[in-house]
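The exercises below ask you to read a model residue by residue and then chain by chain. Please work through each task before turning to its solution.

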Amino acid sequence: MKRKAKKLPASKSAEEVENSDPSSHGEEEEDEEELPTPSKATKTEDHASEESVPRPQKLSKGELYKPPTAEELHQLKEAESLFHCNLLKMQMEELLKEVVLSERRKRLVDSFIMKIKALLQNVPQTREVELNDHSWISEGVKVPFLWVPKTTKGKFHMAPPASVSLVGSYPLGTCTKPSVSVDLSVIMPPAVLHPKDVLNQRYPRKRALYLAGLAQHLRSSPEIGTLRYSCLHGNHLLPELTLFHPKRNNVRTHWYTDAVGPPTPHYNSSLLGDVLPKAHLQFLSAISAQCSAFGEAVALLKVWLRQRQLDRGAGCFSGFVGSMLVAYLLSSHRVSNSMTAYQLLRNSLHFLASTDLTKNGITLAKNPDSKAPTLHEFHSTFQVVFVDPSGYLNLCADMTANTYKQVQNEASLSLQFWDDPTVDGFQALLMTPKPLIRTCDHVFQLHGLVKLQASCKKLNLLGELMDHGGDYVLTALPFILSLLQLGLGKRIHLLTHSLTADPEWSVDSEPPKHKDQTPLSFGLLLNPEHSSSVLERGPPADSPEAAEFRQLWGPRAELRRFQDGAITEAVLWGGSSACQKRLVPREIITHLLQLHADIPESCVRYVGGLFDDVIKIGTGEEESLKVVQSFDDLSRKLWQLEDLPLSITSVQAAHPALRYTQVFPPVPQKLDYSFFEQDKQSRALVPHKDKPCPVFIPPLQVICHMEGSGKWPHERLAIRHVKAAFHIRLGELLRKQHMYTCSTTPTHVDVYKDGLIFRIQVAYHREPQVLRESIGPDGLLRYRDNEEAQALEMETLHRPYLTSTLHGLQQQHPSFGVTCRLAKRWLAAQLFSDEVDEDAADLLVASLFLQPVPFTPPSSPQVGFLRFLHLLSSFDWKNCPLVVNFNSQLTASDYVEIKNNFIASRESLPVMFIATPKDKKVSIWTKQGPSVQMLQRLIVVASESLRVLEAQLLDPSQNQDVRVALRPPLDMYDVLIHLNPKYVPLLDQAVDPPHITFSRGTVPGSAPSTRGLLPVIDFNPVSLYLAELRDAFGHLALFFCDPYGGTVIAVLWKPQAFKAQPFKTSQMSARCVEVSGDEAHSLPNVEAILEDFRIMGDALVRKVEPRMENWVV
Amino acid sequence: MKMAPSAKKHAEQSWVIPGGFTVLPLKYSSDSVSQHSLYVKEHRVRAEKTTSRPLDRTLFVLNIPPYCSEEIIKDLFSTFGKVQSVELREKPGTTESSDLKLSKYFRPALTKGFSVGYVVFTSPSGVKAAKSHPRDIPLIVSTENHPVKVGIQKWIQQYRQSLINPEKLQAAVDTFMQGYDQKKEEESERQKEAEEDDEGWVKVTRGVRGSKARPHSEMANQRALQKEDKKRKRKELLNFYTWQHRQTQREHIAELRRKFEEDKQRIAVLRAQRKFRPY
């Protein structure tokens, strides 16, 4: 008897998918039927939860201390000993409730299956025709098969199936949402088939025809919505030899004695897969009957796999393989039947992490008959080996070694953080999706897959091509992977690739061709230590490996003599700046693919440095380094200064440029003195009122602590004066001893050094304390916190500390700085830079590096930036503190403490709460902002940017312009103030720099390292104007501007701004009065305010554009 | 600009609104299309002690636009009578006298927004003249004879002013520190005298007198209390008696229960927000 399976993703061959109700897209289910989901109920629930979050209640004393029952004790003990937090157990239970099908839905599915079965049983009989004659199939239905070559002999006619039965995950009870699929196995009637049908692909063709017949019949029924074909694992069958008999007993003969042609293991196993689903179902049901948690464990494993995009496509680690794996562990007694789902999942991951199925395959066959192939034979034909209970079928036949390595890598990563109490294991394990683009440091795509046909020829893979039924993509893939793996070597930790999705097409269209497949994506997890090295050092010239090396690298290999005297083969890649070096893997990949697989560079779309241009990274990293070096030199000189009345106890940097995170690090410039006016008395340059705004030179804050001594006064004003005296003295000494130009003010001294300005601020460690002192009415000395003291502490204590900590982080993770710069560029471009300040943004990025789970720390700025956007858009700010654990200083108990504090006083804490080892309770960096509304908007904009960018990065057909994510929509603002670019000093840094450029008083050449006139420091009309606007109208409106070259200031009226208020002497700014009767009310004087915008920004403002469509007075 | 009709009889001349303020219209320049309104009233605060704001001669001005400096206000109000001094502030209220004595380098920076002002005329007639200013003749801030610097020009001027000659700064610091030292010395003298009793005996105490002799602080009180608490705890024996042991066990179970309950509730919160959908 021959059989024919018609099913959905869990198994093989063509299939039909029906959608009975395409409108209800509550949850995407490519499903036998899409049930009307309770979407309305969901929405209302969401609303309710937004408004009223139940607060945890305390147990009463009586309840806490009542004598425990034995059962309760057991429960508590279990929770304590089995889970590091019983929270995790409960969370998993909740998750299972979400993914398991509800009873109601099951009933609906069941009734639908009954209908389908009945329909199928009644397929009408047709007359016998030639196999090539498709005229009996109506126009609306196409045959799901690539009919090449055209001629095949044989007869065919439709007849009711021999039997229709349920197989796969649905009858087993391991079926999970959202991809609910029900597999039906339809056995073709014996009369349709002929014993010789195994030859020349007659069987698969007949199967396809039969399917088309079924489709035609089902279409006629009103019950059925959409019908779609799909084919599992991308298996297209082409006519091929083999004497394969669909009867099981005959398989092994072929296995061994394939005398006619080369062995065709993949073809064989794909046919075998047709035969076995029922046997597998029986096997799994038997296992499931013994272990009560089997179903739940498989469900968890499926969720885990799905989040990692491992469960679908050709050569995937499907839910079916997952359930077979759990069955293997159970049947080999590695886990016991009494274990819970949690334990089973954990053990499965542990098994995956520790067992290499590419070397030591496993088998489910208990007593294989003597003729079954051995594991060794499986290994010789397949990359990954996991044999089914029959002993003949390799469940992982199509899986590449790289996919399995990825599974292994994911499993061991998951186990690493499973027990870590500082990590929200549940979130990382089962709730966070890991798409390729956000997981891998660099990604590249092969498009124009037709080229792979040539590769197969070049790689001499014709035999394999035959085996895969002509699917050249699947054929070439393993070879390309091993080639790249060899070439990239220790530059990467892991090379992964996307799994080609199972194609799915409507019954009335032709089946897709191989070349129409979605492009193949590959992901690299870089090893930052080696990934950007420009030299590939090979074996010594005279060693036998040299030939191999030359073979691999082709013309790029050359002999080189090294400093240690060795003469070896080597390849030298191009790249001078850090950002060019980061792209060395790209050079290697394009070179190897071209050389060995005939894939031209134009087919490789490498996504690794697309953002570089946005912050002109070309110079950034090197400039940052120079700034830091200059600071180190200054620091040394300060320490060595003689004749200071008190000695210096520390010199600390407190500026983003001094920790590599300044978006555009300052670049020293030689100045053209004639461009400026000069202030003779202080030997300083002053901007000229008729010329464009001069180049912007930012002051880099340096905090210089002086030793404590009895000489310091104990009074706030006196301390300020003493500090001023120190500034004068420091300036004098630096001028005398090191020839630096200095400018002194009471609060700081600016030093002009190497073309940079360092702003040295003297600090006295007791000053904040003095500011807090006051004498109470009872004569006791009181300490009361105040803003002044906090601001001072922030400046002299917290910021320098943060700077040095982040500086350290950069040493560990070379891509940290650039990621910060990208993140801040995005924030600024989207007009958020006043809401999330530099320090907070750096902290957010730092958290990605310090607690990357379930990912690994980013090794490229691109992936770091994407994860930053994802963090912003997905983090639950309302319920969770973001803990940035520098140097692992916080322990598990600290985490608990932080969390408890946070929950206890949530309302009074900043909406964006970031805790660090030095700041567990207050979140000092986000105190000033963002506000609830701005955070909400930030989340929306971040998720939109992420969506756009990821789609763009992965879709070769889209024009690559990452700047779209940096252009903010301006239509929501009430007034736009357009600025004159002449007075915008940072114009060159704009997202889309304008074509006009202005002379900013610089000439080519290097800046003097000492002496010279004092340049114009920190003079930026835009920020001065913004400060004035906020001072004057901050109570009425919000002002937004991109500090990096933005030429528009966007104004948003506050919601309450236009409400009439009673006349009050303290609140009359920019308001006019209206009198009604005896009462005077005041309203904002909008007309005058709009005119003030222009007056206050005279010359800077080009146009004030009120957008009256958005508001009315 | 709309103006509500005033209830008062002499409305043709000036406009007084409920609350006693007279409205003075103000324009930036003669070709400005819109105008601000200043609200003025004679300064009358009972508790005012400072001599810088004499009650009968001081005009209290509200809603002064950001581009009006003290000099400009002085100019503007000179039309009503000779102005003796102008003081601009962020909010109405008294000034701290200590700030006034500081040199210009150490004075707190003025706000750049709208301000309130105290205009002191040499004679009370100035106040009256200002209050009866007609409502339809606006004051003009910037005229051809007295152009006001705004925008880029103002910021360049500010930048120039921010350049400080270190010697002058040093001189200011020195003057202040001299005064400070003198004050301290006087204080310690006074203290010394206080310590001498009637017969000239001096009580010899530990530590330095003068600046170090501070009032007892709150913190020190707390610290002492905490120390004692700790001491008491150290002396206690734990799990010595059977009842103590039982107590510990009871506490342990209660703790487990509390955590269990907390977790359950946390889950309930999360469930309410539907945080368990994996995709």
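**Exercise 1.** Locate A:Ala1099 in chain A, and decide whether A:Ala1099 is buried, partly exposed or exposed.

*Solution.* In this predicted model, A:Ala1099 lies in the loop that runs between helix H34 (1086–1096) and strand S36 (1101–1106) of chain A. Its backbone has a positive phi of about 80 degrees, although the residue is not a glycine. The relative accessibility of A:Ala1099 is 33%; because buried means under 20% and exposed means over 50%, A:Ala1099 counts as partly exposed.

**Exercise 2.** Describe the surroundings of A:Lys434, beginning with its place in the chain and ending with the residues that it touches.

*Solution.* Step one is the position: A:Lys434 sits in the loop between helix H16 (425–431) and helix H17 (436–439) of chain A. Step two is the accessibility: with a relative accessible area of 4%, A:Lys434 is buried, since the cut-off for that class is under 20%. Step three is the polar partner, for the side chain of A:Lys434 reaches the backbone oxygen of A:Pro854 at 2.8 Å. Step four is the list of contacts, which leaves out residues up to four places away in sequence and includes A:Gln307, A:Arg308, A:Gln309, A:Glu410 and A:Phe855.

**Exercise 3.** Two residues touched by A:Lys434 are A:Pro854 and A:Gln309; state what is noted about the backbone of A:Pro854 and of A:Gln309.

*Solution.* Begin with A:Pro854, which is placed in the loop between helix H29 (838–850) and helix H30 (861–874) of chain A. The peptide bond leading from A:Val853 to A:Pro854 is cis, with omega near 0 degrees. A cis peptide bond also joins A:Gly929 to A:Pro930, again with omega near 0 degrees, and A:Pro930 is in the loop between strand S28 (914–915) and helix H32 (932–954). Turning to A:Gln309, this residue has a positive phi of about 55 degrees and is not a glycine. A:Gln309 belongs to the loop between H11 and helix H12 (319–331) of chain A, and at a relative accessible area of 45% A:Gln309 is partly exposed.

**Exercise 4.** Which residues are in contact with A:Ala297, leaving aside its neighbours within four places in sequence?

*Solution.* A:Ala297 is part of helix H11 (residues 294–307) of chain A and is buried, with a relative accessible area of 1%. Its contacts beyond those neighbours are A:Ala341 and A:Leu344. The C-alpha atom of A:Ala297 is separated by 8.3 Å from that of A:Gln343, which is 46 residues away along the chain.

**Exercise 5.** Summarise chain B, and then describe how chain A and chain B meet.

*Solution.* Chain B contains 7 helices and 7 strands, which follow one another from the N terminus as β-β-β-β-α-β-α-β-α-β-α-α-α-α. Of its 279 residues, 36% are buried. Where the contacts of chain B have a separation of 6 or more, 65% of them join residues 24 or more positions apart.

For the interface, count the residues: 114 come from chain A and 82 from chain B. The area buried between the two chains is about 9,000 Å², with 64% given by carbon and sulfur atoms. The rule finds 3 salt bridges across this interface, among them the one between the side chains of B:Arg160 and A:Glu677, at 2.7 Å from N to O. It also finds 17 residue pairs in polar contact. The side of chain A that touches chain B comprises 61 nonpolar, 23 polar and 30 charged residues.

Definitions and conventions
Residues numbered from 1 in each chain as written. Chains lettered and ligands numbered in written order. Predicted model: local features only at pLDDT ≥ 70, side-chain atom pairs only at ≥ 80, totals over all residues. Heavy atoms only, no water. Contact = heavy atoms within 4.5 Å. Buried area = accessible area lost by both parts, 1.4 Å probe. Salt bridge = Lys/Arg side-chain N within 4 Å of Asp/Glu carboxyl O. Polar contact = N/O pair within 3.5 Å; in protein donor to acceptor, adjacent residues only side chain to side chain. Nonpolar A, V, L, I, M, F, W, Y, C, P; charged D, E, K, R; others polar. Helix = DSSP H or I, 4+ residues; strand = E, 2+ residues; numbered from the N terminus. Buried < 20%, exposed > 50% of the residue type's maximum accessible area, 1.4 Å probe, protein only.
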